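This briefing walks through selected features of the structure shown below, grouped by topic. Please keep the sequence and the model at hand while reading.

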Amino acid sequence: MIRPVEVVERSGTFQLVGTAEGQTLVFSQPLSFWGGIDAETGDIVDHSHPGLGQNIAGKILVMPSGRGSSSSSSVLAEAIRRGTAPACILLERPDPILAVGAIVAEFLYAISMPLVVCDIAGVVSGERIAVGVGGDGAAIVRLQPAISPAAPRRQ
Amino acid sequence: MTLELSARDRSMLDGEQGLSAVAAMKILVAFSNAVGAGSLLDISGAHIDGCLYHGKAGLDFVERLVEGGGRVQVPTTLNVGSFDLIHPGMVKMSATEEAPARRLMKAHLELGCQATFTCAPYQTRFRPEFGQQIAWGESNAIVFANSVIGARTNRYGDFIDLCCAMTGRAPAWGLHSYDNRRGRILFELDIAETEPNDSLFVGVGLIIGQASGDRIPVIAGLPRPRDEDQLKALGAAAATTGAVALFHAVGITPEAGTLDEAFHGHAPEETVRVTRADIDHALARLSGVQDGALLSAVSLGTPHFSHEEWMRLLPMLRETAPARGIPIYVNTGRATLTRLQEEGALDGMEAFGLIPVADTCTYVTSILERLDGVVMTNSGKWAHYAPGNIGVTVAFAEMKDCIRSAAIGHVVRGAS
């Protein structure tokens with residue numbers, strides 16, 4: 001039986017407002033941009049992080065929080081300038097360091113990388129997510145689970 | 001929480017004080033919202049950790065503020081840059097790398113920042129006083145200001161320290177308020193130390209940094225330090241292995257006259273006993289080689305050497321008189337260096353291999369002539385970062401052992 005693709009909608013708060021769409025890259029462990037991301041390529045280079053070797057460019061990066069040195073602001077701003085940053089970052093808890101990097105990049109280069117705080121429970125890598133702005137200024141996060149016909153869920 | 005802004009904050013946002021003030025205030029407001037601050041507060045000074053070149057975005061930001069006609073609104077000191085502007089030729093860098101790195105330092109001066117280029121602004125005439133609200137970057141400076149002086153700052157950094165300086169404001173949250181400065185975790189030192197040597201303070205710093213997480217550490221049983229440089233070394237080590245922005249040492253630091261005062265009358269959430277063996281273990285991890293290894297250089301002054309530290313080093317150099325040509329680099333602030341030169345204190349010292357370095361630090365830029373041998377240091381912070389930053393092998397030791405080793409040509413430590 002063909003079942004319509006299920007779209008789940010969650011509401012969140014913007015740390016930096018904007019719209020974005022892309023495929024999720026989900027980590028349960030926070031990633032430090034400083035020492036963790038190569039801003040030239042968007043590759044994860046932190047050897048202690050499970051995402052080592054993956055690339056964040058254009059992805060919807062989902063993780064519980066930010067981590068580490070305030071130099072992460074510069075690395076994120078530089079990645080946004082070079083086009084190697086995520087399309088959007090979803091966090092469970094607000095992060096001032098990532099917020100500063102994203103705000104500065106928008107100020108300098110007019111490139112928007114929305115930063116959203118929302119419930120990330122159950123979000124898995126490979127899903128499509130669209131982030132939009134609600135009427136009240138809230139973030140609207142639409143999740144479209146990856147289609148895996150091999151394992152259809154029961155109604 | 002909604003951020004409450006003053007009339008002056010609003011006038012900055014509305015562009016009445018120029019384009020740079022708009023940018024700085026916008027970023028400060030966004031940051032304040034992100035940390036959940038309810039309002040902004042006045043600061044009496046700022047210290048900017050923005051002069052090390054990490055990429056174009058950092059320079060573009062400062063240039064934009066310069067173009068917008070911005071000036072810092074409070075006395076503002078600068079952290080180290082990538083260059084020793086006092087000793088041209090000291091730093092080895094290609095012309096394409098050099099131009100933006102130099103420009104970054106100069107652009108900050110055009111905003112009205114002071115040309116201090118030191119990681120120890122507390123050694124300059126801009127040292128804050130007890131209880132003053134400030135916005136400082138640079139981890140060792142932050143922990144020193146909060147802990148040793150009792151001034152109040154959060155861990156500011158990249159961009160936001162400059163936004164505070166450009167507006168004279170900081171978010172009213174975190175360590176700016178008394179209630180958030182109370183100790184949470186107690187470290188009880190169980191050591192029989194008659195003479196408190198420098199490495200004891202480094203070792204304690206390494207341990208509290210590693211074990212505190214985001215809780216404010218309180219140290220009980222710390223021997224009375226010889227001077228504030230030992231507390232500087234402790235704080236720098238704690239901010240290296242962890243994110244410590246404030247520590248209390250009972251009976252020593254200004255907000256910890258008693259255990260009760262340090263904990264604001266509450267009980268510690270956790271108590272950790274620290275033995276001599278724990279400290280030795282932490283210190284041993286700073287060294288990549290055994291005694292006897294061939295020495296290629298000594299690096300002292302991370303954080304920047306104070307005038308008092310120079311007064312301990314110089315007699316040691318004269319007495320030991322190392323003559324093997326092993327360079328002894330000493331990082332220091334340019335104001336301290338000027339004072340020493342005026343005093344004639346450095347005359348003839350180059351014969352012992354002494355190379356003073358100002359405005360920068362030997363582990364953030366290419367200064368060391370040889371990276372192949374072992375470099376000795378008395379700094380926990382340098383020992384931790386230098387292997388990753390510049391690829392050297394490090395031996396950590398007391399200052400007198402570093403100088404003795406330079407005279408002998410290989411690593412010797414302790415009574416050996």
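How many bridges join β10(B) to strand β11 of chain B, and do the two run parallel or antiparallel? Four bridges join β10(B) to β11(B), which covers residues 328–332, and the two strands run parallel. The model is a predicted one, and the points below take up the strands around β10(B), a helix that they help to cover, two helix pairs, a barrel and the contact between the chains.

**Strand β10 of chain B and its partners**

- Besides its pairing with β11(B), strand β10(B) is joined to β13(B) by four bridges, and these two strands also run parallel.
- Ser299(B) takes part on both sides, since its bridge partner in β11(B) is Tyr329(B), while in β13(B) the residue standing opposite Ser299(B) is Thr377(B).
- Strand β10(B) is mostly covered, with ten of its eleven residues buried.

**Helix α13 of chain B**

- In helix α13(B), which spans residues 380–390, the buried residues are Gly380(B), Lys381(B), Trp382(B), Ala383(B), His384(B) and Ala386(B).
- The cover over these buried residues includes the helices α5 (139–149), α7 (198–212) and α8 (228–241) of chain B, together with the strands β10 (295–305), β13 (374–377) and β14 (393–396) of chain B.
- After α13(B) comes Gly391(B), which has a positive phi near 75 degrees.

**Helices α2 and α6 of chain B**

- The axes of α2(B) and of helix α6(B), residues 160–167, come within 9 Å and cross at roughly 125 degrees; the two helices are therefore oblique to each other, and their crossing is left-handed.
- From α2(B), the contact is made by Ser20(B), Ala21(B), Ala24(B), Met25(B), Ile27(B), Leu28(B) and Phe31(B), and from α6(B) by Ile160(B), Cys163(B), Cys164(B), Met166(B) and Thr167(B).
- Sorted by class, this contact of α2(B) with α6(B) has ten nonpolar and two polar residues, and no charged ones.

**The barrel of chain A and the helix across it**

- Seven strands of chain A form a closed barrel in the order β1-β7-β6-β5-β2-β8-β9, with mixed pairing, and neighbouring strands are turned against each other by 35 degrees on average, direction ignored.
- Within the barrel, β1(A), residues 8–16, and β7(A), residues 115–117, run antiparallel and are joined by three bridges, with Leu16(A) standing opposite Leu115(A).
- Helix α2(A), residues 96–109, lies across β1, β6 (88–91) and β7 of chain A, and runs at about 75 degrees to β1(A).

**Helices α1 and α2 of chain A**

- Helix α1(A), residues 72–82, packs with α2(A) at an angle of about 40 degrees, the axes being 8 Å apart, which makes α1(A) oblique to α2(A); the crossing is right-handed.
- Residues of α1(A) in this contact include Leu76(A), Ala77(A), Ile80(A) and Arg81(A), and those of α2(A) include Ile97(A), Val100(A), Val104(A) and Tyr109(A).
- The residues of this contact divide into ten nonpolar, four polar and one charged.

**Where the chains meet**

- In the contact between the chains, 19 residues of chain B touch 20 residues of chain A.
- On chain B, the helices α2 (19–35) and α3 (56–67) each supply at least two residues of the side that touches chain A.
- By class, that side of chain B has ten nonpolar, four polar and five charged residues.

Definitions and conventions. Residues are numbered from 1 along each chain as its sequence is written. Chains are lettered from A and ligands numbered from 1 in the order in which they are written. This is a predicted model: local features need pLDDT of at least 70, side-chain atom pairs count only at pLDDT 80 or more; totals for chains, interfaces and linings use all residues. Two strands pair if DSSP finds at least two bridges between them. Axes are lines fitted to C-alpha atoms, for helices over the stretch in contact, and angles run from 0 to 180 degrees between N-to-C directions. Two residues are in contact if their C-beta atoms, placed from the backbone, lie within 7 Å. Ala, Val, Leu, Ile, Met, Phe, Trp, Tyr, Cys and Pro count as nonpolar, Asp, Glu, Lys and Arg as charged, and the others, Gly among them, as polar. Angles under 35 degrees count as roughly parallel, over 145 as roughly antiparallel, 65 to 115 as roughly perpendicular and the rest as oblique. A crossing is left-handed if the near helix is turned anticlockwise from the far one by less than a right angle, and right-handed if clockwise. A residue is buried if 20 or more other C-beta atoms lie within 10 Å of its own, exposed if 12 or fewer, and partly exposed in between; C-beta atoms are placed from the backbone.
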